[in-house]
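This report describes the strand arrangement and some backbone details of a predicted model. The sequence and structure are shown first.

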Amino acid sequence: ITASGVAGFSLGEFSALYASGILSLEDTIKVVKQRGIIMQNCCDQIAKESKGNPPGMAAVLKLPPETIIDLLKPYSTGKSPSVFPANMNSPLQTVVSGTGEGLEIAEKLCKEGGAKRVVKLAVAGPFHSPLMEKAAVEFKTVLENIPFNNPSIPIFSNVTGKIMNSGSEAKENAVLHLTHPVLWTSEEKEIAQRFEKEDDNWRLIEVGPGSTLCGLWRDSGINNGWTCAPSGKLTDIEAL
């Protein structure tokens, strides 16, 4: 199977950077390792300063993302308590990042606003939010001497929800990736529009274990008859 374009969710965007030819395999491994170390150190520092109420992330279910953004706007300023929309997963699911108190406020506001559930996620910190700014500054230094080539096939950005056109844009977005939300719903629409114009015989394949992204595509509201197929098991691969 030859890919016509690639996209990756959150850390998966680095797999897409490799698949599109922007990063070499060696540099992808090196960058992802350093990114993880830097993010963990940042999370440890934030947790140390939280006085027993550590920051994190929570999934808000069955509440439109536009409503969540409006509800949290007074607390998305960077002042404590703070909470930010972090992953725009689907019209039915948005993940928020924030301080411990910010997440408590978000749960209260979103439930009052009509959310079916607010589920705290088992993660180390408030990813894809301005609370990771120190990590972004350090990560930018790591990337200074890493070559980012221009993509050989279309690659879609979590940061903008659009196609990335150059290696320099990809490097800039890799830093912004730490502090900006994952615009996955925008990315899905861009993917559909990009390939709808070219060929009716394309399909989406989720690479790696699980079928989370296939589920998000199903819930996207993009009603064009195209489906997403998983490839995490031998039987899935054989079915392709």
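## The S3-S4 pair

Strands S3 and S4 (residues 93-98) are paired in the antiparallel sense, with six bridges between them. The connection from S3 to S4 is a hairpin of two residues. Within this pairing, Met88 has Thr94 of S4 as its bridge partner.

Strand S3 covers residues 83-90, and eight of its eight residues are buried, so S3 is largely enclosed by the rest of the structure. Buried here stands for a relative accessible area under 20%.

## The sheet

S3 and S4 belong to an open sheet of four strands, in the order S3-S4-S2-S5, and the pairing is antiparallel. The edges are formed by S3 and by strand S5 (117-120), each of which pairs on one side only. On average, neighbouring strands of this sheet are turned by 25 degrees against each other, with direction ignored. Strands of a sheet pair through backbone hydrogen bonds, in either a parallel or an antiparallel way.

At the S5 end of the order, S2 and S5 pair in the antiparallel sense over four bridges. Ala58 is placed opposite Lys120 of S5.

## Helix H3 against the strands

Helix H3 lies across S2, S3 and S4. Relative to S3, the helix runs at about 180 degrees. S3 is thus an edge strand of the sheet, is buried in eight of its eight residues, and is one of the strands that H3 lies across.

## A cis peptide bond before S3

Ser80 and Pro81 are joined by a cis peptide bond, with omega at about -5 degrees. Pro81 is located in the loop between helix H3 (65-72) and S3.

## Positive phi on either side of S2

Which sign does the phi of Lys51 have? Lys51 is not a glycine, yet its phi is positive, at about 55 degrees. The residue sits in the loop between helix H2 (25-49) and strand S2 (56-61). Lys51 has a relative accessible area of 79% and is therefore exposed, the cut-off for exposed being over 50%.

Lys62 also is not a glycine and has a positive phi, of about 65 degrees. Its place is the loop between S2 and H3. With a relative accessible area of 44%, Lys62 is partly exposed. Loops that contain these residues are thus found between H2 and S2 for Lys51, and between S2 and H3 for Lys62.

Conventions. Residues are numbered from 1 along each chain as its sequence is written. This is a predicted model: local features need pLDDT of at least 70, side-chain atom pairs count only at pLDDT 80 or more; totals for chains, interfaces and linings use all residues. Side-chain values use heavy atoms; hydrogens and water are left out. Buried means under 20% relative accessible area, exposed over 50%, partly exposed in between (1.4 Å probe, protein chains only). Two strands pair if DSSP finds at least two bridges between them. Axes are lines fitted to C-alpha atoms, for helices over the stretch in contact, and angles run from 0 to 180 degrees between N-to-C directions. Contact means heavy atoms within 4.5 Å.
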